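Colleague: I'd like to go through how the labels on this one were earned. Could you set each value against its rule for me?

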Number of protein chains: 2
Amino acid sequence: MASIRDVARLAQVSPATVSRVMNGTANVDEEKKKRVLKAIEETGFVPNEVARSLFKRSAKLIGLIMPSIENPFFTQLAGAIERTADKHGYRLVLCNTGSVIEKEKAAIQMLVSMNADGIILTSSNDEIRNYTSLCNIPIIVTDRSFNGCGNLKIVHCDHYQGGRMAMEHLIRCGCKSIVCIKGQQEISSAKDRYDGYKDVCQEKGIKEQTVDCAYDFEQGMKVTDELLKKYKDVDGIIACNDMVAVSVYKVLHNKGIRVPEQVQIIGFDDIALAKLMSPELTTISQPIDEIGAKAAELIILKGEETQQEYIFEAKLVERETTRHN
Amino acid sequence: MASIRDVARLAQVSPATVSRVMNGTANVDEEKKKRVLKAIEETGFVPNEVARSLFKRSAKLIGLIMPSIENPFFTQLAGAIERTADKHGYRLVLCNTGSVIEKEKAAIQMLVSMNADGIILTSSNDEIRNYTSLCNIPIIVTDRSFNGCGNLKIVHCDHYQGGRMAMEHLIRCGCKSIVCIKGQQEISSAKDRYDGYKDVCQEKGIKEQTVDCAYDFEQGMKVTDELLKKYKDVDGIIACNDMVAVSVYKVLHNKGIRVPEQVQIIGFDDIALAKLMSPELTTISQPIDEIGAKAAELIILKGEETQQEYIFEAKLVERETTRHN
DNA sequence: TTTTGTCTTGAAACCCGTTTCAAATCATAC
DNA sequence: GTATGATTTGAAACGGGTTTCAAGACAAAA
């Protein structure tokens with residue numbers, strides 16, 4: 001690997017001049033510039049990013065901390081972030097934590113020590129606020145609501161409104177007995193969605209019918225079984241997210257219950273899977289691309305944006321698991 | 001951010017001694033050790049990985065270059081790699097290329113300049129061999145077969161055998177008119193799978209029935225439409241991968257063709273989606289976790305393993321889109 | 001011709017953890 | 001008490017790109 005000093009020697013200039021040619025940080029005599037360019041060409045010199053990063057205190061790196069990359073929602077979010085990052089010459093460092101708090105903390109420290117320029121994190125961990133003091137780089141929390149503070153900022157979608165929309169849609173579609181599968185209430189998005197559902201119930205004088213569930217496929221199947229026993233006349237199901245909605249469909253399908261004729265289903269998130277399955281899933285869509293892009297931009301653009309919270313609108317996407325009217 | 005020199009000053013020792021205490025690279029007087037530990041505690045010192053990496057010429061980083069993280073197969077592969085990497089204290093740097101060769105090359109250069117310890121890449125690009133000379137770190141190619149050479153190694157599964165198994169299974173399940181949806185033949189896995197199918201046809205004196213398709217959902221739907229027109233008596237479909245199998249199912253489902261009663265389907269890969277959909281997809285499973293783990297280990301363990309190619313076995317997973325006998 | 005100003009350039013310091021090397025310390029052996 | 005060996009320790013160099021600072025070069029103004 002050729003170093004800048006090798007190039008300098010070959011071009012008969014100083015390393016400083018080579019640096020200036022590469023970065024265009026100062027005027028360099030045309031003649032010397034040519035020599036440097038030629039020397040770079042000949043040696044195949046590629047500047048060492050580590051050395052650069054050590055001095056600049058920026059590695060052009062964004063840390064991505066999430067429970068698991070294999071959760072389709074996070075995958076899509078990661079994809080959106082990657083596209084935005086790449087556009088600006090930034091790279092992503094992946095850290096899966098399985099929601100283990102210690103791993104989260106360790107990941108943050110590691111990323112700071114790598115001179116990462118910022119961290120995007122999805123966590124339900126209330127301790128997050130303390131992380132802010134732990135480091136001097138921006139931390140963006142996505143998909144969870146919090147009160148922003150310091151260099152901790154929040155980007156997410158309006159889950160409460162989404163919860164209302166889901167409920168209102170099923171009512172519009174003629175459901176008489178709607179059951180809401182609540183997600184874990186420690187996760188703010190799950191809580192907000194449920195709150196939306198609940199408020200619509202109150203406003204319309206509908207009795208709440210709920211069952212608890214994790215954001216997870218296996219759980220979803222088990223809970224659907226229980227749900228069917230508990231609410232025998234159910235004709236509409238609000239799943240806490242698309243993954244659970246898919247498992248709800250599977251159970252209904254296995255039992256020969258027709259969707260949407262006998263039971264209608266609505267999910268949350270609009271992950272790619274929602275369009276893939278047959279029937280296609282009606283769902284409340286989160287603008288995942290916009291959320292990811294905004295989160296990345298908050299780090300990359302380093303603007304003095306004082307706004308601490310960015311909320312995007314949820315959107316109803318009607319497909320085949322609810323009845324058109 | 002406290003530096004090692006701050007700690008040294010506070011503990012009244014030299015930076016070298018602090019380094020030795022941290023890394024256990026040499027004996028240090030107990031008394032001084034205590035002082036150092038105390039100073040680290042007090043300052044909240046975390047060693048700067050960038051400086052360490054600059055000297056060590058290793059950043060404990062694995063570069064992951066793939067067309068898109070959003071392709072479920074790659075997502076799962078990335079997950080498997082991440083788990084193995086994390087176990088050994090390595091991080092993953094994500095580079096999506098959209099299969100653009102220039103981006104691939106740029107990503108490799110970037111990763112080398114970041115002092116990455118190795119690169120795992122999924123590419124159909126025949127030029128790869130030249131990359132070997134481009135850098136002195138191991139490059140592991142997964143899911144594509146090649147002839148390994150130098151520090152370029154190959155980890156993949158036996159797609160040819162998988163292709164045979166798919167065909168043989170549909171025959172066993174009683175299909176009389178089997179159509180193979182061929183993937184792009186420039187991609188070695190697609191070619192190998194097709195070759196397996198083809199050879200079984202020849203051995204059994206069956207006439208080949210094929211149609212061409214990319215590894216992609218949209219294409220899959222279009223191609224299935226054509227397939228149904230071209231082969232009106234089709235009763236078994238081998239899809240080039242699970243994603244295409246899902247789209248095949250969707251088209252059949254929309255047309256009211258029952259699966260597996262009228263047409264049986266078999267896919268490839270056994271991505272998570274295969275178990276999620278209803279009916280569950282029969283498929284040829286790749287041991288994604290093992291492939292990912294092996295690829296990561298080849299980089300992390302730095303063994304002088306001379307083996308250039310690692311081939312894993314494919315496995316038939318019978319589910320609901322083929323008929324049990 | 002001298003002065004003032006502008007531009008180009010390279011030496012050296014910088015970022016910070018690691019390692020080498022030689023000096024210093026201590027203990028054991030003669 | 002001196003010689004020999006073993007151990008601990010810190011100063012300094014190292015990795016490699018960037019930036020500062022002051023010197024040198026050159027042009028324009030006086």
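Modeller: Sure, starting with a rule: a salt bridge is a side-chain nitrogen of Lys or Arg within 4 Å of a carboxyl oxygen of Asp or Glu. By that rule, six salt bridges cross the interface of chain B and chain A. Bear in mind that this is a predicted model, in which local features need pLDDT of at least 70 and side-chain atom pairs count only at pLDDT 80 or more, while totals for chains, interfaces and linings use all residues. Residues are numbered from 1 along each chain as its sequence is written, chains are lettered from A and ligands numbered from 1 in the order in which they are written, and side-chain values use heavy atoms, with hydrogens and water left out.

Colleague: Why is the pair A:Glu70 and B:Arg83 called a salt bridge?

Modeller: The N to O distance between those side chains is 2.7 Å, and the rule asks for within 4 Å, so the pair of A:Glu70 and B:Arg83 qualifies. As background, side chains of opposite charge can pair when their charged atoms come close.

Colleague: What makes A:Asp86 and B:Lys103 a salt bridge, and where do the two residues sit?

Modeller: Their side chains meet at 2.8 Å, N to O, against a limit of 4 Å. The pair crosses between chains, from A:Asp86 in helix α5 (residues 72-87) of chain A to B:Lys103 in helix α6 of chain B. Helices here are DSSP runs (H or I, at least four residues), as are strands (E, at least two), numbered from the N terminus. Over all chains, the search finds 35 salt bridges.

Colleague: How many residues are in the contact, and how much area is buried?

Modeller: Contact means heavy atoms within 4.5 Å, and chain B and chain A each put in 45 residues. The buried area, meaning the accessible area (1.4 Å probe) that two parts lose on being put together, summed over both, is about 4,000 Å², with carbon and sulfur atoms giving 63%.

Colleague: How do you know that the copies meet through the same surface?

Modeller: Of the interface residues of chain B, 100% are also interface residues in chain A, so the surface is the same.

Colleague: What relates the two copies?

Modeller: A rotation of 180° with 0.1 Å of shift along its axis superposes chain B on chain A, with RMSD 0.1 Å. The two copies are thus related as by a two-fold rotation axis. The fit is by least squares on the C-alpha atoms of residues with pLDDT of at least 70 in both. Within chain B, B:Val93 comes closest to the axis, its C-alpha at 2.3 Å.

Colleague: What makes β2 of chain A and β2(B) a strand pair?

Modeller: Strands pair if DSSP finds at least two bridges between them. Three bridges join β2 (residues 91-96) of chain A to β2(B), so the rule is met. The two strands run antiparallel, and A:Leu94 stands opposite B:Leu92.

Colleague: Why is the bond from B:Ser278 to B:Pro279 called cis?

Modeller: Its omega is near -5°, and B:Pro279 lies in the loop between α12 and β10 (283-285) of chain B. In chain A, a cis peptide bond joins A:Ser278 and A:Pro279, with omega about 0°.
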